[in-house]
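Thank you all for coming; I would like to walk through one structure this morning, taking the chains one after another and then the places where they meet. Please have the viewer open while I talk.

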Amino acid sequence: MTRKRREALAAYAFLAPDALGLLTFVVIPMVLAFGVAFFKVDGFGNYQYTGLSNYKLMFGDDQLLASLKVTAVYVVTFVPIAFVVSFALAMLVRNHFKGIGWVRAAFFLPNVVSLVVVGLIWQFLLVDKRGALSKLLAPLGLGDVSFLGTPSLALGTYVVISVWFLMGYQMLVFLAGLKDVPRELEDAAAIDGASSWQRFRFVIWPLLRPTSFFVVVNSTIGAVTGLQAFDLVFVLTKGGPARATSTVVLYIYEQAFTFNNLGYAAALTTVVVAILVLCTGLMFGVTRGGRFDED
Amino acid sequence: MRIKFLPILAHVLAIIAVLPLLWIVISALKPAEDVFDFGWPSSWTLGNLQYVLLKIPMPRFMLNSAIVSITVTVVALFFHSMAAYALARLRFPGRGLIFSGIMSTLLVSLPVILVPLFLVAKQLGLLDSYAGLIVPSIFHAFGIFLLRQYYLNIPRELEEAADLDGCGYWRRYWSVILPLSRPALASLSVLFFLANWNAFLWPLTITRNPDLRVIQLGVSGMQGQYASAWNLILAAAVIAAIPTVVVFVAGQRRLVDAMKTTGLK
Amino acid sequence: MAATPSPARLRRRTVLGALAAAPLLSACDGSAGDGKELSFWNFYGPSDDQGPQSKWFVAMVDEWNKNNDVKVKLRYIPGKDYLNGTTLQTAFQSGQGPDIFLISPGDFLRYYNGNVLQDLGSALSAESKADYLPGLLEARSVDGKVYGLPMEIEPLAMYYSETAFEKAGLSEADLPKTWDQTLAVAEKLTGKDRYGVMFETLPGYYQNFTWYPFLWQGDGAPIKDGKVAFDSSAAVQALKFWQDTIQHKVAPRKALGDGGGDVVSNLGSGAAAMQQSGIWAVADLRAKAKNFKYGVIPHPMPDGGRPATDLGGWAFVANSKGKNPEAAAKFIAWALGSTDAAGIERQRQWNTVVKTNVPPRKSVQAAADAKGAFDDGALKKFVSEIAPTGKPEPRFPPEVYQPIADAIQACQLNATDPAKAAADAAGRIDTFLKTYQGAPIS
């Protein structure tokens, strides 16, 4: 056996467990989703081939439209806010100062807690009239605002809680990226009389572009289909009030498990993934920043 | 002047960030009737924590979660490091294709494939078992990606020295690469443990045997059974969060370092 | 109907081949295929807290197992997981449903149309059938065949806190009889820490269940004679009433604890002064808020309306695709329908001692009366005044439930025009009815 062949065989052997696992538990479910989408599944083991009817169903489905809107609004608010907040935090804790360890840990700490517990915590803090936040806001005359019970506020509340939960993680990613910005370059710019804004705009920002790209793609995927789109809503509002926080993922789950429409849920799944692939593809294309492979 | 101002701001913001968590811990130590009192509690009690630990199978839930999280973490790190080693340091036909294939699975998250994944798990006989909790949670491209980045940075000479001694690929991986990747593995183990300890959706879907309930299901179930007892629910939440905070504090430095060294950007 | 579609076969081969080692740890539960052990899924026992209701279930099953070859094994699922619908669903989807389980009226048709409900008729004696109050078995029957035995009747009513009324300077004379009075009184009762009145706000089957009485008071119904009838003045005014309670800021947008059914967390904690809830709350308050002083009144009515309430209640059903459906049916008939002294006593215990319900059977009611269970207080009011005005909870399939739920949510919490919401919901129900082919919806 040649060395080349031996190396290739070894490589396949090393890859086998993960490759098979991903195939079984990610790729096959994906393919299945495409398959089941063409069936009417009643939840009692009966399948009936119905062609494209699950897809046709989507066009008259107002709830789906509403869920897509909820997810869209969530994405366009959560992603930029989380980006700015976590970037600002990273800049804030970039340079050493006394107690920096605790400060960094504090920002990350919410991310350590499970979303189930996060949901519980905020439900408790946001209880109508008697919750800590209501008590805090009472002097301002806002004591009986229902943050989770008012449709116009619930989604915003959900965004804020998501940012609080994820800012520490994204901050760490930014910190890692900032480490690649050579100090000398910045110092040189400072000596040349560049203001701090100019240093940021012309030295730091260009070098951070790959990191920023990673953060945006990552948080977009998370916002559309990630656990924050399900676990958090599930414990916080169950999609209410008046469907104001019914994300697409929650809607799919509802269709599959509350209404037993597995076929329809599968069809929806394929559409969501298609949208996601399109969005990330677009981001790759526009930014030309998506270079996972650097060698 | 600003140099003095920014650290103070950072400290203030940090306090604000943890305030909700702190408030929960304090509330869990209040007697039931004071739980909504806004002020400092007039008396403290460990009764809530005691009740949750003794009257509810909380220890059982935690044991289940520990079994699942630790097994997944260990097996996943092993598999991922093997795959990452091949992708980073071996040459073979189809490497680029396999790598982008693996990376593209990052687009697919659990809620989206929940239904078909459930069907696959059913076909494999994984319903309602530890295996069902563990096996599907092992495989995730994120770890492969990070480890591969890390391995790309290991100097080739180190490995080649081993080669001269006539080592096969397995020996190279086992006695050179694996020991060298200890810091990366340690930090990833923190991330993996946290993710699995905190898992909710998959355990909810795959198990129904009460003996298999993991901690997050236990806490979530508390809300139904003890709806009116916020003091108990919060106590359960605090207990569920303690292991994660401990693991995080213990592994915190590694986490920040690893994010840098693995070149995550 | 392709019972074994090709994707299923395909996936079995590839997947099993790929990961042959995986099933080695799979559960051994439910493997007894000889039909000698039946699984009974429920949300009462044996529970973590081992309360009286859990004990009743355990004792009942022990009693059966002592005298029968085919044993029954209880499996407890916390109420939240059971009611959310995922646990049972996943089990049935995988062909591993329980042999015996509890079902609510809202779920009845889905399971019936899925062909998994066993006809209990042959196991049930004529004497036992005649013992049930009129209408109860009919609500769980299709074409004269009984598919579920009700374990209880749970009427809804308004609870009020005597303390809250006293604090607001109100007396029993101020208890509201009309919707307008409810709003006016609730306004007086609303304070810094308290809402005057409370209805369920969380979307779900339960919310619909609690709203139907207000629809019925104006002689409305979602479906009449197989045709949609939701776009009616009765529906509009009922939607508007709930909306008004929120718009006037006298009702909470989000309840405490487990929501509208949880009287201890809301009325009991002082967060609400009046709360709509079911008869079960009497037992809850007895157990968890002994010293709390409260009363019960019928639902307030619209002008020109008639009294109405919704009679909830879960039933035991058997899985027709289970291991031994005949034995499961026998067990159910024995557990709930026995007409001997022990059977009646078991029912009396469930309906008046460990839980508070209106008994579904005449003989049980008589036994409970003999013990004075309904002699005074809230329970007397429930049995003598409120329950007689009730109708069994309708058995709407998800496709009818959902449009109504959306209408209620939109009006109550999102200030949507009730007329528009009712028309929208009616349109969706109509679309569904045009293609529906299952058992009659009532």
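Let me begin with a question: how many Å separate the centres of domain 1 of chain C and domain 2 of chain C, taken over C-alpha atoms? In this model, which I should say at once is a predicted one, the two centres are separated by 28 Å. Each of these domains is built from two stretches of the chain, since the assignment gives 33-153 together with 313-381 to domain 1 of chain C, and 155-311 together with 396-435 to domain 2 of chain C.

Where the two domains touch, 13 residues of domain 1 of chain C are in contact with 13 residues of domain 2 of chain C. On the side that belongs to domain 1 of chain C, the helices α5 (105-113) and α15 (377-386) of chain C each contribute at least two residues, and by class that side is made up of five nonpolar, five polar and three charged residues.

Let me turn to the sheet in chain C. Five strands form an open sheet with mixed pairing, and the order across it is β2-β1-β3-β13-β6 of chain C. Its edges are β2 (71-76) and β6 (149-150) of chain C, each of which pairs on one side only. As a general reminder, strands of a sheet pair through backbone hydrogen bonds, and they may do so in a parallel or an antiparallel way. Strand β1 of chain C, residues 37-42, runs parallel to β2(C), and six bridges join the two; if you would like a place to look, C:E37 stands opposite C:K71 in β2(C).

Which helices lie across these strands? One is α2 of chain C, residues 52-67, which lies across β1 and β2 of chain C and runs at about 160° to β2(C). Another is α12 of chain C, residues 325-337, which lies across β1, β2, β3 (100-103), β6 and β13 (315-318) of chain C, with an angle of about 165° to β13(C).

Further along the chain, please find helix α16 (residues 398-414) and helix α17 (residues 418-435) of chain C, which pack with their axes 9 Å apart and at an angle of about 170°. Because angles over 145 degrees are counted that way, α16(C) and α17(C) are roughly antiparallel to each other. The contact draws on residues of both helices, including C:V400, C:I404 and C:A407 of α16(C) and C:A421, C:A425 and C:I429 of α17(C). By class, the residues of this contact of α16(C) with α17(C) divide into 12 nonpolar, no polar and four charged.

Helix α16(C) appears again when we move on to the neighbouring chain. Between chain C and chain A, 35 residues of the former are in contact with 37 residues of the latter. The elements of chain C that give two or more residues to its side are α1 (6-18), α4 (86-93) and α16, and the largest share, six residues, comes from α16(C). That side of chain C divides into 18 nonpolar, 10 polar and seven charged residues.

Chain A also meets chain B, and there 79 residues of chain A are in contact with 71 residues of chain B. Helix α1 of chain A, residues 3-36, provides the largest share of the chain A side, 21 residues, and by class this side of chain A has 59 nonpolar, 10 polar and 10 charged residues.

I will finish with chain B itself. What does its secondary structure come to? Chain B has 13 helices and zero strands, and along its principal axes the C-alpha trace spans about 70 × 65 × 30 Å. Its domain assignment gives domain 1 (1-45) and domain 2 (46-261), with C-alpha centres that lie 31 Å apart, and the contact takes eight residues from domain 1 of chain B and 11 residues from domain 2 of chain B.

An unreviewed UniProt entry lists several spans of chain B as "transmembrane region", among them residues 61-85 and 184-206. In the model, residues 61-85 of chain B are 100% helix and 0% strand, with end C-alpha atoms 36 Å apart, while residues 184-206 of chain B are 87% helix and 0% strand, with end C-alpha atoms 31 Å apart.

Notes
Residues are numbered from 1 along each chain as its sequence is written. Chains are lettered from A and ligands numbered from 1 in the order in which they are written. This is a predicted model: local features need pLDDT of at least 70, side-chain atom pairs count only at pLDDT 80 or more; totals for chains, interfaces and linings use all residues. Domain bounds come from an automatic or database domain assignment. Two residues are in contact if their C-beta atoms, placed from the backbone, lie within 7 Å. Helices (H or I, at least four residues) and strands (E, at least two) are DSSP runs, numbered from the N terminus. Ala, Val, Leu, Ile, Met, Phe, Trp, Tyr, Cys and Pro count as nonpolar, Asp, Glu, Lys and Arg as charged, and the others, Gly among them, as polar. Two strands pair if DSSP finds at least two bridges between them. Axes are lines fitted to C-alpha atoms, for helices over the stretch in contact, and angles run from 0 to 180 degrees between N-to-C directions. Angles under 35 degrees count as roughly parallel, over 145 as roughly antiparallel, 65 to 115 as roughly perpendicular and the rest as oblique. UniProt positions are given in the numbering used here, feature names are shortened, and annotations may be inferred rather than shown by experiment.
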